[in-house]
Amino acid sequence: MIEKIKKEWFSNIRGDILSGMVVALALIPEAIAFSIIAGVDPMIGLYASFTMAVVISFTGGRPGMISAATGAMALLMGPLVRDYGLEYLFAATILTGIIQILFGVLKIAKLMKFIPRAVMIGFVNALAILIFMAQVPHLINVTNITYLFVIITLLIVYILPRFLKVIPAPLIAIIILTAVAIVGNVNVSTVGDLGKITQSLPSFFIPNVPFSFETLAIIFPYALALSIVGLLESLLTASIIDDATDTDSNKNREARGQGIANIVTGFFGGMAGCAMIGQSVINVKSGGRGRLSTFVAGVFLMFLIMVLGSLVVQIPMPVLVGIMIMVCIGTFDWSSFKYLVTAPKGDAIVMLVTVIIVVATDNLSIGVIAGVILSAVLFAAKISHVKMHKQETSQGYNYAVEGQLFFASVDSFVQAFDTTIKNKQISINFTNSHVWDDSAVGAIDKIALKLKENQNTVTITGLDSASKKIVDKLAVFPKQNAKLSDH
Amino acid sequence: MYSTILLAIDGSKNSLRATTEAVKLASLQENAVITVVHVLDITQSKYDVLHAQGKADLELTRRKKFLSMEEYLQSNNITYKLLFLHGEPGPTIVEYANQKSFDLLVIGSRGLNSLQELVLGSVSHKVIKSVKCPVLVVK
């Protein structure tokens, strides 16, 4: 136990502290921008990033992963904040935590691996599109100087990392352009126009909402959506970190840990959060491996806000818009265009439908659920059908079966045969098929016996060993004088 | 002669040529073993994980990329193992090579991305600078 704590916390102290600080610097602009997407004060996202990171560094299942306020979650909570106010957001955040703990305890988190990859690709693409769309209002009917700031930000974040890797480029963009705006007295909107920054630690309070069934009815749909989306992004992130660091992680513990972190966050006036792919990648790239890196990221972020809070309000909005555009470009899976062409048609459709439904409903969870249902339906439709290839030979017919033969697909198998033919040699080939159950064997029997009744000879070829076993055990047609009624 | 050879590949044409040279050297020596390593950086991890359905599928798609190379090694009766390492390609190869002692490192001279090379310098160049064993760069 102590051995494990030592390994997860203190095996990479120098790397973890440095990378944690880098992540904290990279987190600040994103936490502020995601707060603006959710329609809340920047402090809500900053507090959330602090409490999420610190709590999950103890409770999470994936050391080295960074959790904080995220775009995916911020996008979901917008309507709740707009219609009911901040207190309901805190209450929903706490309920999200409770649902996620339940998911963890019931081991539902593990089931998430069954979410088809087409849905996951659709999810990240839709997320990128939604974050981008949230930036559009900041780009319409604005001054030329705003566009200039956005463009300079983009140039800095894309060109600078080629030469300077230690300090996150978005932070440098912020420092330079905030200085320019202050010194040059440039007229651009700032973070301060959209909310206040308080230079104090978050404090514990109980959300001021009526404890009634009505409240629950309002927040439950939001909490459920937040729970699903939060776990989805976190488990995807965890799998990426698992792979990149060649280690394993406990997904159910991550679900429970995120639940605890969200409960704490809600009670300390933060918005629900989850793991972030981008920040976790930065952490691993900067040498972070252990829980200490996540902890340092949270603490250092809060420290910076306490010290520099008065400067944060002066950050020009277009810089944040530029950084968000960079986040979109980094989130979007650009190979998707190739995927649409090369992937099986069904997968491509599922991916597109997931994206379209998310964009249409503005809700990531609805898109994911729709995508999962659609791929289940397509899978069932595909598997409940066998393809039959009929070929005429000199003595009769060859039938080749393609697909899974079981109770749901026997109809398409039986219908393919013409049982009225007489005195022919019929061969049925199962090389591209598998016989699953007694309904399948029954169907083969039925066809074979009917054909035999009309003085045809029937041979079965190409059965794989498992299929052969079940056919040998159950089939009656090979026996002399076998009749349909024997079955 | 060279009995333990480390072959670093990235799937490019030059790394295929490096493979051919490594096979030639390994054929000279009985009991020679080629350790083939391919380094995946975190961007690749991100892409691969998103596009794979679970761990087994991930492993399979990665191995598939090097199927023809494995067949080539097998057809020449070479004893080899194929490893996937994670991290920045240059430092990761150096770390692995210095950790175990190899008689020789074989590496292709130019990787896939020429734009990156222009800005960041080539992987093989970085490797040559800090690896302890002799290096054969194949162009």
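User: Hi! Let's start in chain B: which residue of β5(B) stands opposite B:L105?

Analyst: Happy to help, and keep in mind that this is a predicted model. Strand β4 (residues 104-108) of chain B pairs with β5(B) in the parallel sense, over 4 bridges. Within β5(B), the residue opposite B:L105 is B:V135.

User: Which strands stand at the edges of the sheet in chain B, and why is one side of each left without a neighbour?

Analyst: The sheet is open, has 5 strands with parallel pairing, and follows the order β3-β2-β1-β4-β5 (chain B). Neighbouring strands in this sheet are turned by 20 degrees against each other on average, direction ignored. A strand at the edge has a single partner strand, so one of its sides has no neighbour in the sheet, and the two in question are β3 (79-86) and β5 (135-138) of chain B.

User: At what angle to β2(B) does helix α5 of chain B run?

Analyst: Helix α5 (residues 89-99) of chain B lies across β1 (4-9), β2 (33-40), β3 and β4 of chain B. Relative to β2(B), its direction is at about 150 degrees.

User: Where chain B touches chain A, which element of chain B gives the most residues?

Analyst: The contact takes 18 residues from chain A and 14 residues from chain B. On the chain B side, α2 (42-51) and α3 (54-65) each supply at least two residues. By class, that side has 7 nonpolar, 5 polar and 2 charged residues. The element that gives the most, with 8 residues, is α2(B).

User: Moving to chain A, what distance separates the centres of its two domains?

Analyst: Chain A is divided into domain 1 (2-333) and domain 2 (387-486). Taken over C-alpha atoms, the centres of domain 1 of chain A and domain 2 of chain A are separated by 59 Å.

User: How are α2(A) and α14(A) oriented to each other, and why?

Analyst: Helix α2 (residues 13-38) of chain A and helix α14 (residues 291-312) of chain A have axes that come within 7 Å and cross at roughly 45 degrees. The crossing is right-handed. Roughly parallel would need an angle under 35 degrees and roughly perpendicular one of 65 to 115; α2(A) and α14(A) are therefore oblique.

User: How many nonpolar residues does the contact of α2(A) with α14(A) have?

Analyst: Among the residues of α2(A) that make this contact are A:I13, A:I17, A:V23 and A:L27, and those of α14(A) include A:L292, A:F295, A:F300 and A:L304. By class, the contact of α2(A) with α14(A) has 4 polar residues, 1 charged residue and a nonpolar count of 14.

User: And how does α2(A) lie with respect to α15(A)?

Analyst: The axes of α2(A) and helix α15 (residues 317-331) of chain A come within 10 Å and cross at roughly 100 degrees. In this contact A:P29, A:E30, A:I32 and A:A33 of α2(A) join A:L320, A:I323, A:M324 and A:V327 of α15(A). By class, the contact of α2(A) with α15(A) has 7 nonpolar residues, no polar ones and 1 charged. The crossing angle of roughly 100 degrees makes the two helices roughly perpendicular.

User: Which hand does the crossing of α2(A) and α4(A) have?

Analyst: α2(A) and helix α4 (residues 71-84) of chain A pack at about 30 degrees, with their axes 7 Å apart. A:F34, A:I37 and A:A38 in α2(A) meet residues of α4(A) including A:A74, A:L75 and A:V81. The contact of α2(A) with α4(A) has 7 nonpolar, 2 polar and no charged residues. As for the hand, α2(A) passes α4(A) in a crossing that is right-handed.

User: Which strands stand at the edges of the sheet in chain A?

Analyst: This open sheet of 4 strands has mixed pairing and the order β3-β4-β5-β6 (chain A). 6 bridges join β3(A) to strand β4 (residues 396-405) of chain A in the antiparallel sense, while β5(A) and β6(A) run parallel over 5 bridges. The strands that pair on one side only are β3 (387-392) and β6 (457-461) of chain A.

User: Which residue of β5(A) stands opposite A:Y397?

Analyst: β4(A) pairs with strand β5 (residues 425-435) of chain A in the parallel sense, over 9 bridges. A:Y397 is also the bridge partner of A:E392. In β5(A), the residue opposite A:Y397 is A:I426.

Key: Residues numbered from 1 in each chain as written. Chains lettered and ligands numbered in written order. Predicted model: local features only at pLDDT ≥ 70, side-chain atom pairs only at ≥ 80, totals over all residues. Contact = placed C-beta atoms within 7 Å. Nonpolar A, V, L, I, M, F, W, Y, C, P; charged D, E, K, R; others polar. Domains from an automatic or database assignment. Pairing = 2+ DSSP bridges. Axes fitted to C-alpha atoms, helices over the stretch in contact; angles between N-to-C directions. Parallel < 35°, antiparallel > 145°, perpendicular 65-115°, else oblique. Left-handed = near helix turned anticlockwise from the far one by under 90°.
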